[in-house]
Amino acid sequence: MMAFENIGFSKTIEETGLKYICCADCNVGPLGYHDTKAQEKEYLIAVNRVSYDVGSLKISENIV
Ligand SMILES: [Zn+2]
């Protein structure tokens, strides 16, 4: 299971079934998308658009 904080979604695009994912704070995006027509429920995020914090460990495109 995946939980989001401060993530917003666009309305579903009728033709494609896609919802675009953006920052709920500043509306920057798209950060990824959710395909409402896909068999599995998944949220695809562009890895170079996000960072991930676990305690003092920070992973982003700037740290190799
Ligand atoms: Zn933001």
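**Notebook: strand pairing**

I started in the middle: β2 and β3 pair in the antiparallel sense, over 4 bridges. For the record, strands here are DSSP runs of E, at least two residues long, numbered from the N terminus, and two strands pair if DSSP finds at least two bridges between them. One bridge I looked up in this pair puts K19 with H34 in β3.

Note on the source: this is a predicted model, where local features need pLDDT of at least 70, side-chain atom pairs count only at pLDDT 80 or more, and totals for chains, interfaces and linings use all residues. Numbering runs from 1 along each chain as its sequence is written.

Next I checked β1 against β2 (residues 18-23) and got an antiparallel pair with 3 bridges. F9 has I21 in β2 as its bridge partner.

Then the other side: β3 (residues 32-35) and β4 run antiparallel and are joined by 3 bridges. Here I found G32 opposite I45 in β4.

Putting the pairs together, I get an open antiparallel sheet of 4 strands, ordered β1-β2-β3-β4. Its edge strands are β1 (7-9) and β4 (43-45), each pairing on one side only. Neighbouring strands in this sheet are turned by 25 degrees against each other on average, direction ignored (axes are lines fitted to C-alpha atoms; angles run from 0 to 180 degrees between N-to-C directions).

Whole chain: I counted 6 strands and 0 helices (H or I runs of at least four residues).

How much of the protein chain is buried? Just 3% of its 64 residues, with buried meaning 20 or more other C-beta atoms, placed from the backbone, within 10 Å of a residue's own.

Notes
A residue is buried if 20 or more other C-beta atoms lie within 10 Å of its own, exposed if 12 or fewer, and partly exposed in between; C-beta atoms are placed from the backbone.
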